[in-house]
Amino acid sequence: MAGGNWTKVEEFILISFSSLPTEIQSLLFLTFLIIYLATLMGNTLIILVTLADPMLHSPMYFFLRNLSFMEIGFNLVIVPKMLGTLLAWDRTISFLGCATQMYFSFFFGVDECFLLATMAYDRCVAICSPLHYPVIMNQRTRAKLAVASWFPGFPVATVQTTWLFSFPFCGTNKVNHFFCDSPPVLRLVCADTALFEIYAIVGTILVVMTPCLLILCSYTHIAAAILKIPSAKGKHKAFSTCSSHLLVVCLFYVSLSLTYFRPKSNNSPESKKLLSLSYTVVTPMLNPIIYSLRNNEVKNALGRTFRKKLILNNF
């Protein structure tokens, strides 16, 4: 753009769901507010219960706490601003604010992919090598795995966000989305973005597929181990220890794949927004529900925690 005419963009306008009638937007605001509060409360409860109850100090619940931290962070980055746009308080977001929102959405999204792979490995060790599980998944190992899960988000988010926001922006500053996601912001760039788009596609495939392959590998070993168990009761018990994680993985990867890997011909801005809601708003709310309702240890721990609370209040 050397020598060209372009105006420096200092803020963006999030289109969000402004095309919908005001009544529908108000209904969406109420719905997403309830989901947002339920997400924060559910994930916070998971963190507190797994910390407070000694029975939940195993590696599985250590990683579950990390997942809940990620879900809370992901929601705090995206949902509050989206709620503001629905009530038309202020649809503008500063240049730095947009870059920050994009950075942390990449950061938490990438890290969740790798954490889900780590959790799959944990279940694989627990089912395939139950006698060696406490030795293999000792405190030092799980700390290293947690760090390895949190780290990939830093370079991916830094490179992609810095590169994208180094481009010149001109013309319209309206982002046709409810948050600063890469594709709608990229459409506002006034420069050749071919190299960046290649990097973004390759990077997204690697970031999504690498953990996905690790998860598939872990569950292949898990399935082989379960098939070797002679009793039906033993098979059911082994499968139940990983069913919650498997359901969470399916929800996350299906919504992510439908959002970012659909053909462009089938990827209108409105459908992209609806699909983005699934992994940014709905899935973070469902995760603590899935782990609570499908896990007897968590349900029992919740019961013990509330009973202790009632006893203390009575005294």
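1. Contact here means heavy atoms within 4.5 Å, and by that criterion Val-185 touches Cys-98, Met-102, Leu-164, Phe-165, Phe-169, Val-175 and Cys-180, once residues up to four places away in sequence are set aside. The model under review is a predicted one, and several of the residues just named return in the points below.

2. As to the overall make-up, the secondary structure of the protein chain comes to eleven helices and three strands, and these follow one another along the sequence in the pattern β-α-α-β-α-α-α-α-β-α-α-α-α-α. The protein chain has 315 residues, of which 48% count as buried. If one takes the contacts between residues at least 6 apart in sequence, 78% of them join residues at least 24 apart.

3. The three strands form an open sheet in the order E2-E1-E3, and the pairing within this sheet is mixed. Strand E2 (92-94) and strand E3 (174-175) stand at the edges with a single partner strand each, and therefore one side of each has no neighbour in the sheet. In general terms, the strands of a sheet pair through backbone hydrogen bonds, in either a parallel or an antiparallel manner.

4. Both kinds of pairing can be followed from strand E1 (residues 11-14), which runs antiparallel to E2 and is joined to that strand by three bridges; one pair of bridge partners is Ile-13 and Thr-92, the latter in E2. Helix H3 packs on the sheet, where it touches E1 and E2, and its direction makes about 85 degrees with that of E2. On the other pairing, E1 and E3 run in the parallel sense over two bridges, and Leu-14 stands opposite Val-175 in E3. Val-175 is also one of the residues that Val-185 touches.

5. Which side chains of E1 are buried, and which are not? The side chains alternate along the strand: Phe-12 and Leu-14 point to one face and are buried, whereas Glu-11 and Ile-13 point to the other face and are not buried.

6. The largest nonpolar core has 87 residues, and those with the most contacts inside it are Phe-12, Phe-32, Leu-116, Leu-164, Phe-165, Val-185 and Tyr-253. Helix H3 gives the most to this core, with 17 residues. Two of the residues with the most contacts in the core, Leu-164 and Phe-165, are also touched by Val-185.

7. Tyr-253, another residue of that list, lies in helix H9 (residues 232-260) and has a relative accessible area of 8%, so it is buried. Apart from residues up to four places away in sequence, Tyr-253 touches Cys-113, Leu-116, Val-208, Pro-211, Cys-212 and Ile-215. Tyr-253 and Tyr-279 are 26 residues apart in sequence, while their C-alpha atoms are 8.7 Å apart in space.

8. A search of the whole structure finds 23 aromatic pairs. The rings of Phe-107 and Trp-150 have centres 6.0 Å apart and planes at 40 degrees, and because this angle is neither under 30 degrees nor over 60, the pair counts as tilted. The pair links distant parts of the chain, with Phe-107 in helix H3 (residues 95-128) and Trp-150 in helix H5 (residues 139-150), 43 residues apart. Phe-107 is buried, at a relative accessible area of 6%, whereas Trp-150 is partly exposed, at 23%. Both belong to one aromatic cluster, formed by Tyr-103, Phe-104, Phe-107, Phe-108, Trp-150 and Phe-154.

9. Why is the pair of Phe-165 and Phe-169 described as tilted? The ring centres are 6.0 Å apart and the planes stand at 45 degrees, which again falls between the limits of 30 and 60 degrees, so the pair is tilted. Phe-165 counts as buried at 10% relative accessibility, and Phe-169 counts as buried at 3%. Val-185 touches both of these residues.

10. Charged side chains also lie over aromatic rings: the charged end of Arg-142 sits over the ring of Phe-62, 5.9 Å from its centre, and Lys-273 lies over the face of Phe-17, at 6.0 Å from the ring centre.

11. A last point concerns a loop residue, Thr-193, which is found between helix H7 (182-186) and helix H8 (194-227). Is Thr-193 buried or exposed? Its relative accessibility is 9%, so Thr-193 counts as buried. Leaving aside its neighbours within four places in sequence, Thr-193 is in contact with Phe-167 and Leu-186.

Terms used. Residues numbered from 1 in each chain as written. Predicted model: local features only at pLDDT ≥ 70, side-chain atom pairs only at ≥ 80, totals over all residues. Heavy atoms only, no water. Phe/Tyr/Trp six-rings, centres within 6.5 Å; stacked < 30°, edge-to-face > 60°. Helix = DSSP H or I, 4+ residues; strand = E, 2+ residues; numbered from the N terminus. Buried < 20%, exposed > 50% of the residue type's maximum accessible area, 1.4 Å probe, protein only. Lys NZ or Arg CZ within 6 Å of the ring centre and 35° of its normal. Pairing = 2+ DSSP bridges. Axes fitted to C-alpha atoms, helices over the stretch in contact; angles between N-to-C directions. Core = buried A, V, L, I, M, F, W, Y, C linked by side-chain atoms within 4.5 Å.
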